[in-house]
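Student: I'm new to this structure and would love a close look at one part of it. Could you choose a strand, go through its surroundings slowly, and then show me what else to look for in the model?

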Amino acid sequence: MRTYFVRHLLALLLVLATGAQAAHPPWRTSPHPESSASGLTGACEDARDFLLGTGRADITGPAAEVGMMGYGMVEQQTTGIHQRLRSRAFVIASPCNGKRVAFVSADLGMVFQAVKQQVVERLRARYGDLYTDDNVLLSATHTHSGPGGYSHYTFYNLTTLGFSPRNFEAIVSGVVASIVQAHERLAGGTLRLSSGELLGASRNRSPNAYLLNPADERARYAHDVDTRMTLLRLTRADGTDVGLINWFAVHATSMGNGNTLISGDNKGLASSLAEQAHGDGDSDAFVAAFANANEGDVTPNILGGTHGGGADDFEDTDLSGRKQYDFAAKLWAQAKTPLTGGVDYRHVYVKMDAVDVAPSFADGAPRATCPAAIGLSMLAGAEDGPGVGVEGVTCAGGQDAWGQFSCSLATTPCQAEKPIVLETGSMRPAPWTPEVLPLQLVTLGNLALVAVPFELTTMAGRRLRDTVETALAPTGVTDVVIAGLSNAYSGYVATREEYARQDYEGASTHFGPWTLAALQQHFHLLATSLRDDAGVPPGPTPRDLRQEQLSLQPGVVFDDKLLWVDFGEVVTDAQPAYSRGDTARATFWGGHPKNDLRLEGTFLLVQRREPDGTWTDVATDADPATRYQWKRENCVPTLACSHVTVTWRIPDDAAPGTYRLVHEGHWKSGWDGNVRPYSGASRTFTVK
């Protein structure tokens, strides 16, 4: 994720405030609402039967005039939809010990802490203690092409002009709906595991920082990125396949920072391809999650150079998404190994800015984490979304004038080489980034998921996996994956060696050079407690900031049009005929998409005429072959007119026949403030 201060650093430094931090209650004992039996031993040791449920729901936020989350550019505002965003949920329960886990992979840049808090709150209202912080795992795919403004922490809402209640509600309600759907579909089944090396789909974007890791450690690995994809196949007892989850470490930044269409990026596309391959993409059929892992220094743009957006974005997304989908299809066919054991989990909240790290987890000396701060190199951005300045500016020498100024002004001994730009953790009356963060460990049979609220670099992820795998090896756990960007978000985690270089990832490691060591220490505790069937204290309660949100985002006053036209009327019509591979296009008089998000619906339809004269839907705005594009138009005497362009790249296997493009939306009256539906259709055209 790029810096949120690229365009506005000086202005932001003027608004630093002071005040006391809220106190946190002491640790308390964490009750387990279900059976206390371990999922790895006893009655579960050789168990192969699970209860499985899958669900999918729409979480697409406002498709116009909302700042996008990921690249941190004020001018990058939504103007339409390339592909709808989804929450994909999987409830997996173990009959042998009565425990269950809800795993969600959502097409989001991050799962912010506020989202997790309110999802669990709504699940509690519906199911009591069946779903809690402990056994609900929410993970983000890390698309950089979704609307933002859904955090309760100031730092992440700066470039989106504050909080967006509409987007937040779309996300929370959609995630809850997907979990409810999965819960209601629970049925007996099995889990099968497969893994393999996907080459040519990722590249390390900070190779010089990676090279600072010890040579003997690097020699253990063939590549400077994790190429392993791990896939879980979910099959009901009657043989029906209901879903898959795979974890592969790569940024969802195939769409550059010039893109303004909502998109699930490469992972959203891969999920769509898999779901279409196993049915018609209907939510009642098959759910495929392409989840993320330790992608912190991993780019999908394998040709190198910067990636600033443009016409190539859609081709790049298609290339990366299809590589992941094609390899997942191979692993799917090879998934023969059943998972054995039950379900188990451990969860703890940690005050990450005040962890005392034991010498055994550091460099042989006692160490500590620091109040959250961002470094100067964060302003430079990563190559997927370049910003201002250059990476690698440190207080260890070689810094430019900016670095000298920053090091002399604000750098603390705790943050070591980092030239501090802003101490987000020291802001008043509340920190601008979270300091109390959730760490979670889940086991599904002999597969362990390490859920972290960070973006871990390749080597940081490897070290954390090794820590957990070593602790759980006596239990029979054979596979450990990082479930990145989970349950909350607070920047990156680089290794101590990578941190010293202060590339983008090191500068974005909020809690200082020993953050990874602190994570290893706490996950070792979680793993050993799970192994020994012992409980863990839940830790301090994170802040609830829902009452302290400010929004400067514009709403819709009213929609206008020319007097002699109607909403939905065609401005520029489709051509009479197209061939496969061509792009059909029509522009309509439209309303603002904020009037109605059309969740579980669509702003467009591609329809084919049947022999009896009826129309069949063949594509919606969830299809990557379509685009819904909104544009504000000046029309005298107001500036409230909108044009909507619907495009469809005609697939190579499209059936010959007669088609039309349909636009559906809502417009807001300036007289009574009511919002009313409308629709319009292009001329019919033939596809040869």
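Tutor: Happy to: we will begin with one strand and its partners, then turn to salt bridges, nonpolar groups, another sheet and two loop residues.

Please keep in mind throughout that this is a predicted model. Our chosen part is strand β10, which covers residues 228–236. Is this strand mostly covered or mostly exposed? It is mostly covered, since seven of its nine residues are buried, a word used here for a relative accessible area under 20%.

β10 has a pairing with strand β8 (residues 187–197), and nine bridges join the two in the antiparallel sense. To find this pairing on your screen, look for glycine 196, whose bridge partner in β10 is methionine 229. β10 also pairs with strand β11 (residues 241–247), again antiparallel, through six bridges. Here a good landmark is leucine 232, which stands opposite isoleucine 245 in β11. As background, strands of a sheet pair through backbone hydrogen bonds, in either a parallel or an antiparallel way.

Now follow the chain from β10 into β11. The two strands form a hairpin, and four residues lie between them. One residue in the turn is glycine 239, with a positive phi of about 95 degrees.

Side chains link this region too. Arginine 233 and aspartate 241 form a salt bridge, at 3.0 Å from N to O. The two ends of that bridge differ in cover: arginine 233 is buried at 12% relative accessible area, whereas aspartate 241 is partly exposed at 23%.

That pair belongs to a wider set, for the structure holds 33 salt bridges. One of them joins arginine 56 to glutamate 275, with 3.2 Å between the closest N and O atoms. Why is this pair worth finding in the fold? Arginine 56 sits in strand β1 (residues 50–58) and glutamate 275 in helix α6 (residues 265–277), so their bridge ties together parts that are 219 residues apart in sequence. Both arginine 56 and glutamate 275 are buried. They also belong to a network of salt bridges that includes Arg88 and Asp107.

β1 takes part in another salt bridge through aspartate 58, whose side chain meets that of arginine 84 at 2.9 Å, N to O. This links distant parts of the chain: aspartate 58 in β1 and arginine 84 in the loop between β3 and β4 (86–93), 26 residues apart. Aspartate 58 and arginine 84 are both buried.

Next, let us look at the nonpolar side chains. The largest nonpolar core has 75 residues, and among those with the most contacts inside it are Val115, Leu138, Tyr150 and Trp648. Helix α3 (residues 165–184) gives the largest share of this core, eight residues. Valine 115 makes a handy starting point: leaving aside neighbours within four places in sequence, it is in contact with Leu138, Tyr150, Phe168, Ile171 and Val172. Another core lies apart from that one and has 37 residues, including Val355 and Ala448.

There is a nonpolar group on the surface as well. Leu161, Leu550 and Leu552 form a patch there, with about 310 Å² of accessible area together. Leucine 161 lies in the loop between β7 (146–147) and α3, and is partly exposed at 34% relative accessibility.

Strand β3, met above beside the loop of arginine 84, leads us to another sheet. Five strands form this open, antiparallel sheet, in the order β3-β30-β31-β27-β25. β3 (80–81) and β25 (570–572) stand at its edges with a single partner strand each, so one side of each has no neighbour in the sheet. Inside that order, β30 (residues 626–635) and β31 (residues 638–649) run antiparallel and are joined by nine bridges. One pair to look for is glutamate 633 with its bridge partner in β31, cysteine 641.

Finally, try two threonines in loops. Threonine 495, between β24 (492–493) and α10 (496–501), is buried at 0% relative accessible area. Leaving aside neighbours within four places in sequence, its contacts include Asn213, Met459 and Leu516. Threonine 478 lies in the loop between α9 (458–472) and β23 (479–483), and is partly exposed at 46% relative accessibility. Beyond neighbours within four places in sequence, threonine 478 is in contact with Asn446 and Glu469.

Terms used: Residues numbered from 1 in each chain as written. Predicted model: local features only at pLDDT ≥ 70, side-chain atom pairs only at ≥ 80, totals over all residues. Heavy atoms only, no water. Pairing = 2+ DSSP bridges. Buried < 20%, exposed > 50% of the residue type's maximum accessible area, 1.4 Å probe, protein only. Contact = heavy atoms within 4.5 Å. Core = buried A, V, L, I, M, F, W, Y, C linked by side-chain atoms within 4.5 Å. Patch = residues over 30% accessible without salt bridge, like charges linked within 9 Å, V, L, I, M, F, W, Y side chains within 5 Å. Areas by Shrake-Rupley, 256 points an atom, 1.4 Å probe, with all protein chains shown as cover. Salt bridge = Lys/Arg side-chain N within 4 Å of Asp/Glu carboxyl O.
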